[in-house]
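Work through these exercises with the structure open beside you. Try each task before you read its solution.

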Amino acid sequence: MRYATGVRPGRPRRLAGTIGFLLVLGAVVALLLLQRVDPERDTTVARLAEIGVDPVPHLAQAARGHQALLFGLPVADRAAWRVVIAATDSVARGSGLEAVGVPAPARHQPALDRYLASSPEEPSLLPPTEGERGAGLRDFYRAIWRLNDDLGADRAVRLLALLPADWPPSTTSSPAQAVRRWAERSAHARDVLVEALLRREPSARIVVVADGLDVLRGVRVRVSAGGGATSSPDGLGQLLEGRFGSGLYTVLADGPREVGGGAPVAGFGGTGFYGDARRVWSGSATLAPLADDEGLGQATLSALTWPGVEAELEPARPALGGIADAYVYPGGG
C-alpha cells in the first residue's frame, strides 16, 4: 500500500501521544514547584516539627500556672475532642478542676446535672446531640462522668452549658437573624461562668471548650448577612482575658477544613497547616507552644458559614505565634 503523504500509519498517533505525555509531565512538575514556592511555610512547618510535644503533660503543667484553660477547636472534629478529654482528665486529677464550660445551650443544663448525678451511669439522661457533629461532645460528657466516679463527690467536676437557651438559631431563620444570634454567644458564655461559678468561687479552676473562632487572639471575626447585618463582637477569648488576665491559657486545635462547618452560623475552618502537620507528626496528637514564636510565620485562617452568611477574619493571615498560647494537631488522620 502506498501513502501519498510519505508518512507511515501510526506516526501521527505516536507524535500526539508524545506531546500529551510531555504536557502531563509539565503539569506535574509545575504542581510540584507550586507546592514549594512558599519558603515561609516550609520554615513554619520545620519549626512546628522542632517544638512539638505531647499535649497532655504540657497542658497539665500549664494548668498549674493558670486558672483557666480555653480550648478552641472545630467542634465537629472528634479527634480534637479526644485531646480535650485527655487533657481535662489529667488537669482534674492533678492540680484540680471545679468546672468545665461546654458549647451547649442552657436548656441542656438540667439534663446534664441529672446525668452527672446518676449512679450507675445512665447515658439515656444525656441531652440530644446532633449526629456526628455532636459525637465528640457526647464523648466528653461521658468522660466527665467517669472522671467524677473516680474522684468522688468532694472533687467532682461540674458541667456548665454556656450557650443561650434557644441556641442554635433555626435553619429557617434569616441570615440577618442568625448573625445577630451568633454575636450574642460569647458574652452569654462569659456571664454564665461568672454567675454560675466565679462570683461565688473567684479562684475556681476551669476548662472552657469553644469553637476555634472564639479563641483567636488579635484576630477580629466579622460575620455578616450578605452585605446586610454585620457583627464583629469580642470573642470569648478576649472576654475571658479581661477576666483572668495572664491566668488564661488558650489552646487552638486544628482540623481538616471539612469539619469546620460543624458550628452553627460560622465555624473555625482551620489554620491551613493541618495537612503539613499531618505529614510531620503522622497520626500522633502533638502540641506546639506558640509564645509569640517568630519562627512560625503566618497562618492562613478560614471560617465556614451557613448559606447567606459571610465571615471575614482580620487579619486573614496573622502571625501563627500570636493567635493562641498553643497550637494542637489532634492526630487521628
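**Exercise 1.** Is the crossing of α2 and α9 left-handed or right-handed? Describe how the two helices pack.

*Solution.* Keep in mind that this model is predicted.

Step 1. Two packed helices are described by the angle between their axes and the distance between the axes.

Step 2. Find helix α2 at residues 39-51 and helix α9 at residues 274-281. Their axes are 10 Å apart and meet at an angle of about 45 degrees. That makes α2 oblique to α9.

Step 3. The crossing of α2 and α9 is right-handed.

Step 4. Now list the contact. Helix α2 brings Arg41, Val45, Leu48 and Ala49. Helix α9 brings Asp276, Val280 and Trp281.

Step 5. Sort the residues of this contact: five are nonpolar, none is polar and two are charged.

**Exercise 2.** Which residue forms a salt bridge with glutamate 121? Say what the pair ties together.

*Solution.* Step 1. Side chains of opposite charge can pair when their charged atoms come close.

Step 2. The partner of glutamate 121 is arginine 142. The closest N and O atoms of the pair are 2.9 Å apart.

Step 3. Place both residues. Glutamate 121 sits in the loop between α5 (109-117) and α6 (135-151), and arginine 142 sits in helix α6, so the pair ties together parts that are 21 residues apart in sequence.

Step 4. Check accessibility. Glutamate 121 has a relative accessible area of 19%, so it counts as buried, the cut-off being under 20%. Arginine 142, at 30%, is partly exposed.

**Exercise 3.** Find the salt-bridge partners of arginine 181 and arginine 185, and place each pair in the chain.

*Solution.* Step 1. Arginine 181 pairs with aspartate 166, with the closest N and O atoms 2.7 Å apart. This pair links distant parts of the chain, 15 residues apart: arginine 181 is in helix α7 (residues 175-198), and aspartate 166 is in the loop between β3 (158-163) and α7. Arginine 181 is buried, at 17% relative accessible area.

Step 2. Arginine 185 pairs with aspartate 214, with the closest N and O atoms 2.9 Å apart. Arginine 185 lies in helix α7 and aspartate 214 in the loop between β4 (206-211) and β5 (220-224), so this pair ties together parts that are 29 residues apart in sequence.

Step 3. Arginine 185 is buried, at 8% relative accessibility. Aspartate 214 is buried too, at 6%.

**Exercise 4.** How many salt bridges does a search of the whole structure find? Name one network.

*Solution.* Step 1. The search finds 16 salt bridges.

Step 2. Salt bridges link Arg47, Glu50 and Asp293 in a network.

Conventions:
Residues are numbered from 1 along each chain as its sequence is written. This is a predicted model: local features need pLDDT of at least 70, side-chain atom pairs count only at pLDDT 80 or more; totals for chains, interfaces and linings use all residues. Side-chain values use heavy atoms; hydrogens and water are left out. A salt bridge is a side-chain nitrogen of Lys or Arg within 4 Å of a carboxyl oxygen of Asp or Glu. Helices (H or I, at least four residues) and strands (E, at least two) are DSSP runs, numbered from the N terminus. Buried means under 20% relative accessible area, exposed over 50%, partly exposed in between (1.4 Å probe, protein chains only). Axes are lines fitted to C-alpha atoms, for helices over the stretch in contact, and angles run from 0 to 180 degrees between N-to-C directions. Angles under 35 degrees count as roughly parallel, over 145 as roughly antiparallel, 65 to 115 as roughly perpendicular and the rest as oblique. A crossing is left-handed if the near helix is turned anticlockwise from the far one by less than a right angle, and right-handed if clockwise. Contact means heavy atoms within 4.5 Å. Ala, Val, Leu, Ile, Met, Phe, Trp, Tyr, Cys and Pro count as nonpolar, Asp, Glu, Lys and Arg as charged, and the others, Gly among them, as polar.
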